[in-house]
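This briefing concerns the enclosed spaces of one protein and the residues around them. Please consult the sequence and the structure while reading the points that follow.

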Amino acid sequence: MQNNPIGFIDSGVGGLTVLKAAKAQLGQESLIYFGDNARCPYGPRPADQILTYVNQIVDFLLTKQIKLLVIACNTATAVTLNALQARLDIPVVGVIMPGVKAALAASQAEGRIGIIATEGTINSQIYQELLLDQAKDLKLYPLACPEFVDLVEERQVYSSDQIQTTVSRKLADLKKQDLDALILGCTHFPLIEKEIGLAVGNQVQLINSGREAIKDVKAVLNQFNLRASDNHLPSYHYYTSGDVGQFKSIAQAWLGDHIHVDHIDLKNEMEEAHD
């Protein structure tokens, strides 16, 4: 069990930002990633549909004998974390609470924190509620930025100037708010972190919720005695429900590695598994 892989799920390529942090911090661990690019984005979808999609991916990853599940997607964390923790016999880690803790550490008790995410995450108000539970005098500035997901998923279509212009225009009002910290409340957003930083100014601390989540993963591995053995040779596997070439192009550029990607038709895969 200790040398079994850790599973990562996301609506697309955004969760690769979490996986990259895991590779850097958990060098002995084998990792499996599933990006549901065929049904990305999750942000505008109803909660019951997101739960159905995530359960399909989880069922697939369970066939790979994962020992821990990371929901590397803020929208999916908001909708499915409690249900998956109740359903599964393995630990499940989300990306929202780690981002909340890091934002609080970067701000004052009456500080000013921005939150950018998909409309699903912003409308759930989960970040707002968790932050105010810890510090009721915070000033919060939530902003839905669904177009940022498109910038990342279709990055090859846009020039660098177009990306910067879109990001700067979208965040212009936030730049005026004298923020202490800005939560990147979608795991896609660190892929345009440089552009976001330029848009809001270098005085604002950017909080990468996915990267922060790996601290929780490390703690859980220790708590349940699940850390891979020191002599374990890790392996990495990547799956997508969407276009393999597009996924591979973005993943290789971000991870800096040559990778193999398999396409999985979840509907057919699950039907075959139950035959």
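Two residues are in contact when they have heavy atoms within 4.5 Å. By that criterion, and not counting residues up to four places away in sequence, Cys-186 touches Asn-74, Ile-116, Ala-117, Thr-118 and Val-149. The model is predicted. It holds 2 cavities of 30 Å³ or more, and the UniProt record lists Cys-73 and Cys-186 under "active site" in an unreviewed entry.

**The annotated cysteines**

- Cys-73 and Cys-186 span 114 residues in sequence, yet their C-alpha atoms are no more than 6.4 Å apart, so the two gather at one spot.
- Both Cys-73 and Cys-186 belong to the lining of the largest cavity.

**Cys-73**

- Cys-73 is placed in the loop that runs between strand S3 (68-71) and helix H3 (74-87).
- Its relative accessibility is 6%, so Cys-73 counts as buried, the cut-off being under 20%.
- Apart from neighbours within four places in sequence, the contacts of Cys-73 are Ile-9, Asp-10, Ser-11, Tyr-42, Val-95 and Thr-187.

**Cys-186**

- Cys-186 is found in the loop between strand S7 (181-184) and helix H10 (193-200).
- Cys-186 likewise counts as buried, because its relative accessibility is 6%.
- Among the contacts of Cys-186 are Thr-118 and Val-149, and these two residues also appear in the lining of the largest cavity.

**The largest cavity**

- The largest cavity contains about 40 Å³ of space.
- Its lining consists of Ser-11, Pro-41, Tyr-42, Gly-43, Cys-73, Thr-75, Thr-118, Val-149, Cys-186 and His-188.
- By class, this lining comprises 5 nonpolar and 5 polar residues, with no charged residues.
- Domain 1 (6-94 + 211-273) and domain 2 (96-209) each contribute at least three residues to the lining of the largest cavity.

**The second largest cavity**

- The volume of the second largest cavity is about 30 Å³.
- Ile-9, Asp-10, Ser-11, Tyr-42, Val-54, Ile-57, Cys-73 and Ala-76 line the second largest cavity.
- At least two of these lining residues come from strand S1 (6-10), and at least two from helix H2 (47-62).
- The lining of the second largest cavity has 6 nonpolar residues, 1 polar residue and 1 charged residue.
- Ser-11, Tyr-42 and Cys-73 take part in the linings of both the largest and the second largest cavity.
- Ile-9, Asp-10, Ser-11 and Tyr-42, which help to line the second largest cavity, are also among the contacts of Cys-73.

How values were computed
Residues numbered from 1 in each chain as written. Predicted model: local features only at pLDDT ≥ 70, side-chain atom pairs only at ≥ 80, totals over all residues. Heavy atoms only, no water. 1 Å grid on protein atoms, 1.4 Å probe; cavity = no way out; pocket = protein on both sides within 12 Å on 5 of 7 lines; lining within 4 Å. Points joined across faces, edges and corners; volume = space filled by probe spheres on them. Nonpolar A, V, L, I, M, F, W, Y, C, P; charged D, E, K, R; others polar. Domains from an automatic or database assignment. Helix = DSSP H or I, 4+ residues; strand = E, 2+ residues; numbered from the N terminus. UniProt positions renumbered as here; feature names shortened; annotations may be inferred. Buried < 20%, exposed > 50% of the residue type's maximum accessible area, 1.4 Å probe, protein only.
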